[in-house]
Amino acid sequence: MNKSIEFKSIKELYNRVKPALYSKVKELYNLGYKNIHEEDIWNYLVETNWKKKHDLQLCDLINDILFSSNIEINNYVTSKIQNVSNKNNNL
């Protein structure tokens with residue numbers, strides 16, 4: 001009964017977890033984090049939590065999305081915005 005789910009692309013996987021990402025964005029919005037989007041949460045998890053992990057199951061991904069730290073996500077997004085701003089100022 002342990003049937004494995006395989007995804008043909010990262011985009012297909014992203015689309016599969018998008019409802020969880022949307023739910024997390026809604027939670028963040030209700031807590032006052034107005035400028036965080038689904039892609040931000042996805043990129044945060046790809047670069048931090050999932051970078052060195054292998055053979056993650058779909059339930060692991062969903063769990064990480066729903067229970068990731070709101071403050072750490074906000075810090076990640078803020079850092080990315082500051083990096084882009086600094087690059088633009090140096091042009």
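Start at the largest pocket, where about 540 Å³ of space lies. Select Ile5, Phe7, Leu56, Gln57 and Leu58, which are the closest to its centre of the 20 residues that line it. Next, colour α1, α2 and α3, the elements that give two or more residues to this lining. The largest share, three residues, comes from α3.

What counts as a pocket here? On a 1 Å grid over the protein atoms alone, a pocket is an open set of points with protein on both sides within 12 Å along at least five of seven lines, where a 1.4 Å probe fits; lining residues have an atom within 4 Å of a point. Grid points are joined across faces, edges and corners, and the volume is the space filled by probe spheres set on the points.

Before moving on, two notes on what is on your screen. This is a predicted model, in which local features need pLDDT of at least 70 and side-chain atom pairs count only at pLDDT 80 or more, while totals for chains, interfaces and linings use all residues. Residues are numbered from 1 along each chain as its sequence is written, and side-chain values use heavy atoms, with hydrogens and water left out.

**Zoom out to the chain**

Switch to a cartoon view. You should find four helices and zero strands, running α-α-α-α from the N terminus on. Helices (H or I, at least four residues) and strands (E, at least two) are DSSP runs, numbered from the N terminus. The C-alpha trace spans about 55 × 30 × 20 Å along its principal axes.

Now show the surface. The accessible surface comes to about 7,000 Å², and carbon and sulfur atoms account for 50% of it; the areas come from the Shrake-Rupley method with a 1.4 Å probe. Of the 91 residues in the protein chain, 26% are buried. Buried means under 20% relative accessible area, exposed means over 50%, and partly exposed is in between (1.4 Å probe, protein chains only).

Try colouring by charge, too: there are 13 positive and 11 negative side chains, and the centres of the two sets lie 3 Å apart. Lys and Arg count as positive and Asp and Glu as negative, with His and the chain ends not counted. Each charge is placed at NZ of Lys, CZ of Arg, CG of Asp or CD of Glu.

**Into helix α2**

Select residues 38-47, helix α2. Which residues of this helix are buried? They are Glu38, Asp40, Ile41, Trp42, Tyr44 and Leu45. Bring back the other helices to see what covers them: the cover includes α1 (10-30), α3 (58-67) and α4 (70-89).

**Along the loops**

Go to Tyr33, in the loop between α1 and α2. At 21% relative accessibility, Tyr33 counts as partly exposed. Leaving aside neighbours within four places in sequence, Tyr33 is in contact (heavy atoms within 4.5 Å) with Leu28, Asn70, Ile71 and Asn74. Draw a C-alpha to C-alpha distance from Tyr33 to Asn70: the two are 37 residues apart in sequence and 8.6 Å apart in space.

Move to the loop between α2 and α3 and pick Lys52. Is Lys52 buried or exposed? Lys52 counts as exposed, at 75% relative accessibility. Its C-alpha atom is separated by 27 Å from that of Glu27, 25 residues away along the chain.

In the loop between α2 and α3 you can also select Asp55. Asp55 has a positive phi of about 60 degrees although it is not a glycine. Asp55 is exposed, with a relative accessible area of 76%.

Carry on to Ser68, in the loop between α3 and α4. Ser68 counts as buried, at 9% relative accessibility. Setting aside neighbours within four places in sequence, Ser68 is in contact with Lys24, Tyr44, Leu45 and Ile73.

**Last stop: helix α4**

Finish with Asn86, in helix α4. Asn86 counts as partly exposed at 44% relative accessibility. Draw one more line, from the C-alpha atom of Asn86 to that of Val46: they are 40 residues apart along the chain and separated by 23 Å.
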